[in-house]
Amino acid sequence: MVHQSDVFLNYYKLPGPWYNVKYTIYYWFFTAVKKILRIFDIHSKHGRPEDNDGPHRLNDVVGYDATWIGGTTSDSKWIILALDRRKNCKMSIGYVYVQIPGIGRLATPMYPNSMENTKGNSANGFALDEYSLTMSKPLRQWFITFHGNMTFVDDPKNTVRVKINADWKSKRDVWLLNRDLSSESFADSFALENWRKFAEPLLDRSKDDVVHWEQFGDLNANVEINGNIIEIRNAMTLRDRSFGKIRNFSAMHRYFYVTIFLDDGCSLVITVVCHKITFSRLFFGFISNDDGTYTNIDWSDLNIYQFGENGKVAEELCFLIRIGKTVHTVQISCDSQHWYRLEKDVVRCEQIGKCLLDYRVGKCMIQSLYSETSLKAKPLYKPLEFLDN
């Protein structure tokens with residue numbers, strides 16, 4: 001029998017006897033902090049997002065620097081473009097994925113055969129030998145080029161030459177995790193943990209070294225596959241921007257990252273993280289507004305241990321979210337899976353499908369990340385030998 005405050009399934013926690021007290025304290029503390037940050041126009045200890053959108057110098061203060069762009073069009077084309085720079089530039093990770101109806105799903109090879117950085121390009125920017133993401137205007141425009149080989153996800157022995165030239169633009173605000181996180185979800189995440197988990201970052205500011213923001217925008221691209229040009233126009237996309245001292249995906253047990261693009265132009269992000277050291281359940285999410293701002297998703301009953309805990313990802317999800325005082329239903333049905341190793345001992349599955357927010361129709365993508373070490377410790381885990389083929 002699981003008792004309150006016990007850990008279950010190795011990493012997850014139930015509310016303990018002090019949960020309500022901690023929740024109340026943390027809620028009002030973070031609400032006050034957010035008001036102070038906005039009054040004095042404070043964003044993060046590194047400054048404003050617009051001053052940090054370009055590549056950072058990699059050193060002991062900034063050990064990783066990453067940007068990710070992903071989204072879809074009205075005719076169901078998908079594109080993902082990502083580059084994660086590391087202090088050891090030889091470890092920089094580049095990733096490109098496209099899904100074209102009538103052609104198929106193509107992706108660049110990942111660990112241990114990810115893109116080369118023999119020229120050392122990632123030391124100074126978001127670039128590898130055959131791939132670059134270049135900021136033109138902070139928070140407003142990026143250019144992307146890729147000329148290289150990609151393999152068909154459903155036929156890995158089939159490789160084609162692909163060229164991509166893309167232009168990403170946005171007029172929207174950024175959603176800054178350090179500043180804009182819902183007070184309710186912040187309080188819930190901390191209240192599940194020991195008191196010291198709240199005190200440590202206050203007493204040791206060196207631990208507050210992660211800057212993360214997200215921003216919706218539009219992307220246009222020309223994709224050339226074996227000489228045939230496919231146009232991607234007005235893709236609804238999300239751009240994820242992160243940098244900090246240490247990037248350690250293996251310290252996570254799992255995360256669940258859901259991006260929803262509704263046919264009426266509205267977009268949502270829903271994220272749940274289970275971290276081995278910090279939070280057993282960190283939840284955050286937000287929805288886009290017509291004026292370019294965002295509204296937080298304050299609560300969800302989505303618990304990731306109920307879906308794919310042993311590596312068998314679910315094709316169908318149904319859960320609730322609350323925005324303000326209104327509860328909405330989310331239904332997701334995925335029709336594809338793409339598994340790969342992001343880096344050593346870290347695996348990721350990407351799923352693409354259709355969704356409903358109440359009765360509003362849209363498309364969605366789910367990224368499920370696992371620590372391979374903690375996954376293999378599960379008695380019922382799904383063997384991943386196919387990733388080694």
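The following exchange goes through some assignments made on a predicted model.

Visitor: Why is S122 called buried?

Guide: Buried means under 20% relative accessible area. S122 has a relative accessible area of 0%, so S122 meets the cut-off. Its place is in the loop between β6 (104-107) and β7 (127-128).

Visitor: What makes the pair S122 and N117 a polar contact?

Guide: The limit for such a pair of N or O atoms is 3.5 Å, and the side chains of S122 and N117 are joined at 2.9 Å. As for K87, its C-alpha atom is separated from that of S122 by 9.5 Å, with the two positions 35 residues apart along the chain.

Visitor: Why is helix α3 described as largely enclosed by the rest of the structure?

Guide: Helix α3 covers residues 183-191, and eight of those nine residues are buried, so the description follows. Among the buried ones are F186, D188 and F190. At the start of α3, the backbone nitrogen of E184 has a side-chain oxygen of S182 within 3.2 Å.

Visitor: What makes W18, V21, I25 and W195 a nonpolar patch?

Guide: Patch members need over 30% relative accessible area, and nonpolar side chains are joined within 5 Å. These four form such a patch on the surface, with about 400 Å² of accessible area together. W18 sits in the loop between β2 (12-13) and α1 (19-39).

Visitor: Which residues touch the most other members of the largest nonpolar core?

Guide: Y95 and L342 do, in a core of 41 residues. Beyond four places in sequence, the contacts of L342 include I93, F249 and L369. A second, separate core has 30 residues, including L81 and F126.

Terms used
Residues are numbered from 1 along each chain as its sequence is written. This is a predicted model: local features need pLDDT of at least 70, side-chain atom pairs count only at pLDDT 80 or more; totals for chains, interfaces and linings use all residues. Side-chain values use heavy atoms; hydrogens and water are left out. Patches are made of residues with over 30% relative accessible area and no salt bridge: like charges are joined within 9 Å, nonpolar side chains (Val, Leu, Ile, Met, Phe, Trp, Tyr) within 5 Å. Accessible areas come from the Shrake-Rupley method with a 1.4 Å probe; for residues, only the protein chains shown count as cover. A salt bridge is a side-chain nitrogen of Lys or Arg within 4 Å of a carboxyl oxygen of Asp or Glu. Helices (H or I, at least four residues) and strands (E, at least two) are DSSP runs, numbered from the N terminus. Buried means under 20% relative accessible area, exposed over 50%, partly exposed in between (1.4 Å probe, protein chains only). A polar contact is a pair of N or O atoms within 3.5 Å; within protein, one must be able to donate a hydrogen and the other to accept it, and residues adjacent in sequence count only if both atoms are side-chain atoms. A nonpolar core is a set of buried Ala, Val, Leu, Ile, Met, Phe, Trp, Tyr and Cys residues joined through side-chain atoms within 4.5 Å. Contact means heavy atoms within 4.5 Å.
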